[in-house]
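Hi,

Here is the structure I promised to pass on. Have a look at it first, and then read my notes below.

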Amino acid sequence: MNEESNHEYFFELLAEEIPASMHEGALAALRQRLVAFLEGLGCKGDVEGQVRVQSTARRLIFRMGRLPPAEADRTDEIKGPPRRLAYDASGAPTAALHGFLRKNGAAVEELVQSDDDYVRLRRTVTGQRTTELIQAAVPEIIQSIHWPKSMRWGYGEQSYIRPVHSIISIFDDQPLPVKLFGLLSGTVTVGHRTLAPGPIEVTSYGDYVSKLELARVIVDSDRRRMAMAERSRVLAHEVRGVPALDETIWAQWQYLTEYPGVVRAEFSPELLTLPEEVLVTVMRVHQKQLPIRDAAGSLTNSFLAVTDNEADPDGNAAYGNSFVTNARFADASFFYQTDRKVTLESRLDSLEHLQFQEKLGNYRRKTERIEQLAGAIAGTSGVDVDDARRAARLSKCDLGTEMVKEFTELQGKIGGIYAREEGLSSPVWQAVYDHYLPVNAEDALPRSGVGAVVSLADRIDTLCGFFLIGAKPTGSRDPFGLRRAAQGMVQILLERDTWHITAGMDQLIDLGLQGYADVREALHAAASEKAEKGRKRAATDRGADDRGEVLEFIADRVRTLLQAPPYALAYDEVAATMEAGWMNSLPDLLERAKAVRRLRSDPRFLSILDSAKRIANITAGQPESELNRNLLAEPAEKRLNDLSEVLVGQIAGMIVERHYELALQSFAGMADELENFFAEVMVNVDDSGIRQNRIALLRRVGGAVAPIADVTRIVVDRRELASRK
Amino acid sequence: MQRHSFQSLIQTLQAFWAERGCLIDYPLDVEVGAGTMHPSTFLRVLGPEPWRVAYVQPSRRPADGRYGDNPFRLGKHYQFQVILKPSPLEVQDLYLDSLRALGLDLARHDIRFEEDNWESPTLGAWGVGWQVLLDGMEITQFTYFQQAGGIDLAPISAEITYGLERLTMFLSRQGSVFDIDWAPGVGYGPVRKQEEYEFSRYYFEVASVDLHWKLFDSYEAEARRCLEAGLVLPAYDWTLKCSHVFNTLDARGAVSVTERVGVIKRVRDLAVRCANDYLASRTRLDFPLMTDAERQEYHERHPVESVP
């Protein structure tokens, strides 16, 4: 590249309104492809900084700056025939070499010296013009953006997220024609749909941004967002309130607009008697509105709504938003009145008509299983068994309420609210309210032990049921949310000590599978019938398989969760400690992993690792045998034995006390003596008695920390650790 | 803003779309839940024939009835339906012009198109589009039909469905549907409230479950007989009747969750067969709604396509 890299390319795709929820994913994909394109062009350094991507409700926009005029020249090397076949005895080129040259349109003079046994051609390829590369790449990049649901329009020949109207493609103030969706690019776009709908001719990105601003389109989505956030704050302040902070609403608002505005509206104050959860859900999820709270944090009857119009001079948007929100709340109010005419518990029988899963029966049956499970889990915990059973029995009763039918995302919460209003005890109503928690890795856990128990019971039942009928998640497909169910169990069990829950994952799975005895029998019978017809081999013992599959599935979630924040453990730390057992106590696993993490950066860790590895290598495949003191002969092995007699016992004690870090440090204390042992004592001697005895000694030493972790799985950077010594 | 009655709104929309080349059709005389089920939409969107139509369709949704007590919900409401096939690129602008024709100065309102896709399991149909929000209130469903009766569509039709009561309420600043004017001096309430009450009672409390199950079976059998006889349009009428009978049973609480899937499938099977047979019949008739030039161009593009 001799010329300066100071060129600019600018692109706009004008479409019909692109779904707000899809912008961020599309922009990230677009940015990634553009950066890759620039790297392919030979750009180095802050390549990310050369790319700007933007979008509005109906535009995708990007600009690439500091572009070189052409791709960097490069040298290609082409491998030819082996040298011995390329030249004859007299050193003249053979037919094979001539063939190679002909194929590449090259002369003998272009061959280069090479170090290996092949002849090679080397030639300089002049880089293509950037403009040509853009013309080839941009259509492909735009079409490659993955949209969750694309569509066709007109004669149905094109497919994209929404119909495409026009394309702008400009390189350094000059149109650079590209063809996309049957359209040829130009330099003209339009302004805001209703505020400035006329055509606008532009010459560059800078020109575009300022002309569109005059035409009531703010290109920068962050600026739209900030403008709306600030306006929200002011409008809320006018009624002495604050807007609820809500990233998901801002993220939607900024892509629903081109010229951002916010209006404040009110709903009838008597509707404030509805449960807050209902009001907030209707506003946030159904209306994409932002509630306003007063200084004390209480909900007010004022709220904020987005508009794609900066002003609302006649109060139309405020009126319309009040109108529609009142209508929604009127419906909710009707449901709230009628739902509470009967008790939650009296809805239990009607759950028979609500199917959980075709082969797994209805929700009445599921409720019975959850109740059983909750009772069993509570029975070994510091949680009241009667409360747990009661809450479990009521947990799904709200599925038949009008409120949950209309606002499904309120399941659980509605049951909890109705239970509270019926006067049920706090542990019970809170457990009903909380039992879908945690919804994701960042979500809160149930606030009480009863809630945690019911949540565990519900999840393990779902997991076991779907695994029994073979409905396991595959790849990215997880229609029943089983990954989330399993992850929630892991999150709760990691904190189980808070509620004195003692059940481990293995016990939960056994309990869960027991609940499906009838389903398993039916499946078994069906499988046998098939087998009898000679179409399949006889059903083997599926029980063990199911248990193993569920465990492995949950183990995956444990690995994922522990490697993510807030734990942020390394892959090898988790693998090493899980190898020493995980399913009966996740809190214990976490402590062991943390001990390994703390110690691995300690120079002594190298001794732990080396010792463990040497012992593992030498004892691998050897038969088990008893250690016999009388067979110890060499001084080094006697000393190692004496030391280990003291330390192995101490380490075992520390492990019982869960002082894992101390145990690992003590283990490191044997390293020197072990070193001497390996230096002075021969393990693989002919006398099998002595050999076995030495292996037994090493096994005792090596096994000391096995209950904590298989430390040989830890990967260390030796140089770095050694340098800290 | 001019003051609109229910009736003047319809007249304005009809005049507007007629000027834009739409044929003005009339409501289907069979009970349906939406204007989409009218043959002028469901069948006409199939195949290559161009089609531009606008019509009012009274839409019965038994489960939505509220005995005339709820200011916003009705067991029967009226839709204004527009189909533009193929969808023109300026369809959104045409739509906005129709709002201007109703007297709205759009610069003084908030208009947004929010994603809202449409799917009808009973019709084997789906489309992609938006709900149009005027000042935060949904007044229109805007859909690009992608499939109907399980058949991929080409060309694509744009469907615009105005909720007439909603729009009139908003334009006349009324808080209850029963307070709008049907015509100047005649209220919507006095015209319709008794009907809302009686049909709510009928669908929720009185309708004979036995009779409706029998009707369902009979209508279904008759639809099949019509299909066997090569009469797709009568068959489609009977299919729609099945659909309405199912909605009645559903409102009556007579369809269990397990039954539901099966019954919907029975209606869909009929709808899918009607769609396929209709397309075949139009192909046999060599697409009567095409001009000679269009027909010739179509045959040039599809030379090997044989008549089913």
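Before the sheets, one term: two strands count as paired here if DSSP finds at least two bridges between them. Also keep in mind that this is a predicted model.

With that in hand, start with the four-stranded sheet in chain A. Its 4 strands make an open sheet, ordered β15-β17-β18-β16, and the pairing is antiparallel. At the edges you'll find β15 (241-243) and β16 (261-266) of chain A, each of which pairs on one side only. From one strand to the next the twist averages 30 degrees. In the middle of that order, β17 (residues 290-294) and β18 (residues 299-307) of chain A run antiparallel and are joined by 3 bridges. If you want a spot to zoom in on, L290(A) sits opposite L304(A) of β18(A). There is a helix on this sheet too: α9 (residues 316-339) of chain A packs on it and touches β16 and β18 of chain A. The direction of α9 makes about 50 degrees with that of β16(A).

Chain A has another open sheet, this one with 5 strands in the order β2-β3-β1-β9-β10, again with antiparallel pairing. Which strands stand at its edges? They are β2 (51-56) and β10 (174-175) of chain A; each has a single partner strand, so one side of each has no neighbour in the sheet. Helix α1 (residues 23-40) of chain A packs on this sheet, touching β2 and β3 of chain A, and its direction makes about 155 degrees with that of β2(A). Further in, β1 (residues 7-15) and β3 (residues 59-67) of chain A pair in the antiparallel sense over 7 bridges. Y9(A) is a handy marker there, as it stands opposite M64(A) in β3(A).

One residue of the edge strand deserves a stop: T56(A), which is found in β2 of chain A. Is T56(A) buried or exposed? It is buried, because its relative accessible area is 0%, and the cut-off for buried is under 20%. What does T56(A) touch, leaving aside neighbours within four places in sequence? Its contacts are H23(A), I61(A), V217(A), I218(A), V219(A), R224(A), Y255(A), T257(A) and E258(A).

Now the charges. How many salt bridges does a search of the whole structure find? The count is 80 over all chains. I picked out a few:

- R347(A) and D339(A) form a salt bridge, with 3.8 Å between the closest N and O atoms. Both R347(A) and D339(A) are buried.
- R447(A) pairs with D434(A) in a salt bridge, and here the closest N and O atoms are 2.8 Å apart. This pair links distant parts of the chain: R447(A) is in the loop between α14 (426-434) and α15 (449-468) of chain A, while D434(A) is in helix α14 of chain A, 13 residues apart. R447(A) counts as partly exposed because its relative accessibility is 44%, whereas D434(A), at 3%, counts as buried.
- D556(A) and R559(A) meet through their side chains in a salt bridge of 2.8 Å, N to O. Both lie in helix α19 (residues 542-563) of chain A, 3 residues apart, which is about one turn of the helix. D556(A) is partly exposed at 33% relative accessibility, and R559(A) is partly exposed at 25%.
- R328(A), D331(A), E406(A), D64(B) and R73(B) are linked in a network of salt bridges.

That network includes residues of chain B, so a few words on that chain as a whole. Its secondary structure comes to 9 helices and 11 strands. How does its radius of gyration fit its length? A compact globule of 308 residues would have a radius of gyration near 19 Å, and chain B, at 20 Å, agrees with that. Along the principal axes, its C-alpha atoms fill a box of roughly 55 × 50 × 30 Å. Of the 308 residues of chain B, 56% count as buried. As for contacts in chain B between residues at least 6 apart in sequence, 68% join residues at least 24 apart. Chain B exposes about 12400 Å², and carbon and sulfur atoms supply 51% of that area.

Cheers

Methods: Residues are numbered from 1 along each chain as its sequence is written. Chains are lettered from A and ligands numbered from 1 in the order in which they are written. This is a predicted model: local features need pLDDT of at least 70, side-chain atom pairs count only at pLDDT 80 or more; totals for chains, interfaces and linings use all residues. Side-chain values use heavy atoms; hydrogens and water are left out. A salt bridge is a side-chain nitrogen of Lys or Arg within 4 Å of a carboxyl oxygen of Asp or Glu. Buried means under 20% relative accessible area, exposed over 50%, partly exposed in between (1.4 Å probe, protein chains only). Helices (H or I, at least four residues) and strands (E, at least two) are DSSP runs, numbered from the N terminus. Contact means heavy atoms within 4.5 Å. Axes are lines fitted to C-alpha atoms, for helices over the stretch in contact, and angles run from 0 to 180 degrees between N-to-C directions. The radius of gyration is taken over C-alpha atoms; the globule rule is 2.2 Å times the number of residues to the power 0.38. Accessible areas come from the Shrake-Rupley method with a 1.4 Å probe; for residues, only the protein chains shown count as cover.
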